[in-house]
Amino acid sequence: MTRTIAITNQKGGVGKTTTSVNLAASLAHCKKRVLLVDLDPQGNATMGSGVDKRARSATVYQVLLGLSTAEAVRLRSEAGGYDLIPANRDLAGAEVELVGLEHRETRLKAALAGIAEHYDFVLLDCPPSLNMLTVNALVAADAVMIPMQCEYYALEGLSDLVNTVRKVRQNLNPTLEIEGLLRTMFDPRNTLAQQVSAQLQEHFGDKVYATVIPRNIRLAEAPSYGAPAVNFDRGCKGSQAYIALAGEILLRSGLAQAA
Ligand SMILES: Nc1ncnc2c1ncn2[C@@H]1O[C@H](COP(=O)(O)OP(=O)(O)OP(=O)(O)O)[C@@H](O)[C@H]1O
Ligand SMILES: [Mg+2]
């Protein structure tokens, strides 16, 4: 059974891409077959997987517009140990172009249908907006993972996202679940972070992952080396946290024994 997880938060810079590449690498390290789909015109997940976004002519953009297939566009991230469907700035045009097309919300789901079965996990790295690309991710996904920083405005943005998930569930993807909320860039010495964290647990209970991702400079440095931190410095605190997160997800999905 494939589990497709959309890693999303319309707020920018909360750790979506860092989570996408390091979780993909951690699950691959646990011998799971992983496909990472970059759905952001910034192409950060592509670069963070050690793939030059500028050198790619075929990307997720061609797949969404029906000009190519997911199978033809996917490639191997040797640095990550997983497969990747890359993105670059071409994708910035997709939002407008999709509007005129039929089945505009279900294009990613349809495109992945042929290859998803080859993977244990398909991870979708979403852009920082609730646009048509994110809607495509929410329609293609079984579940949503929400990385968030424990800051003052975090909870406000969360209610917009939860409403969007609810709307997608009503209209397009009735079985969409919230997989979990992930606290990122966490600093336990920060009192506000602790308060927001406590509120999150109060509201969302066990939907909040037990694993917390600490603020860790190695996670921020890794993209400049073209590799997920998990493969570039497995011993650092940030990498260890992502490996623990993969363990938590495998345990929740009942796949731990098969590792
Ligand atoms: N745990 C962490 N510790 C330190 N730095 C981090 C951590 N997680 C992410 N960062 C850094 O914070 C910045 C934003 O992270 P990232 O790109 O993963 O966020 P994002 O949500 O994908 O951003 P965007 O919304 O632009 O796509 C990056 O420079 C990244 O290296
Ligand atoms: Mg990103």
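In this predicted model, the crossing of helix 1 and helix 12 is right-handed. The contact draws on both helices. Helix 1 contributes N22, L23, S26, L27 and H29. Helix 12 contributes S239, Y242, I243, L245 and A246. By class, 6 of these residues are nonpolar and 4 are polar. No charged residue takes part in the contact of helix 1 with helix 12. The two helices pack at an angle of about 65°. Their axes lie 8 Å apart. Helix 12 covers residues 237–252, and helix 1 covers residues 16–29.

Helix 1 also takes part in the surroundings of ligand 1. A shell of 19 residues surrounds this ligand. The closest are K16, T17, T18, P128 and A220. Helix 1 gives the most to the shell, with 3 residues. Strand 7 (177–186) and helix 10 (217–221) each supply at least two residues as well. In character, the shell around ligand 1 comprises 10 polar, 6 nonpolar and 3 charged residues.

Attention turns next to strand 2, which spans residues 34–38. L36 is found in this strand. L36 has 32 other C-beta atoms within 10 Å. A residue counts as buried at 20 or more such atoms, so L36 is buried. Beyond residues up to four places away in sequence, L36 touches S20, V21, A24, A45, S49, Y82, L84, L123 and D125. One of these partners, L84, is 48 residues from L36 in sequence. In space, the C-alpha atoms of L36 and L84 are 4.8 Å apart.

The chain as a whole contains 12 helices and 8 strands. It has 259 residues, and buried residues make up 50% of them. Contacts across the sequence were also examined. Among contacts with a separation of 6 or more, 77% join residues 24 or more positions apart.

The overall dimensions were then considered. The C-alpha atoms fill a box of roughly 50 × 40 × 35 Å along the principal axes. The radius of gyration of the chain is 17 Å. For a compact globule of 259 residues, a value near 18 Å would be expected, so the chain agrees with that expectation.

Notes. Residues numbered from 1 in each chain as written. Chains lettered and ligands numbered in written order. Predicted model: local features only at pLDDT ≥ 70, side-chain atom pairs only at ≥ 80, totals over all residues. Helix = DSSP H or I, 4+ residues; strand = E, 2+ residues; numbered from the N terminus. Buried ≥ 20, exposed ≤ 12 C-beta atoms within 10 Å, placed from the backbone. Contact = placed C-beta atoms within 7 Å. Near = placed C-beta within 6 Å. Nonpolar A, V, L, I, M, F, W, Y, C, P; charged D, E, K, R; others polar. Axes fitted to C-alpha atoms, helices over the stretch in contact; angles between N-to-C directions. Left-handed = near helix turned anticlockwise from the far one by under 90°. Rg over C-alpha atoms; globule rule 2.2 N^0.38 Å.
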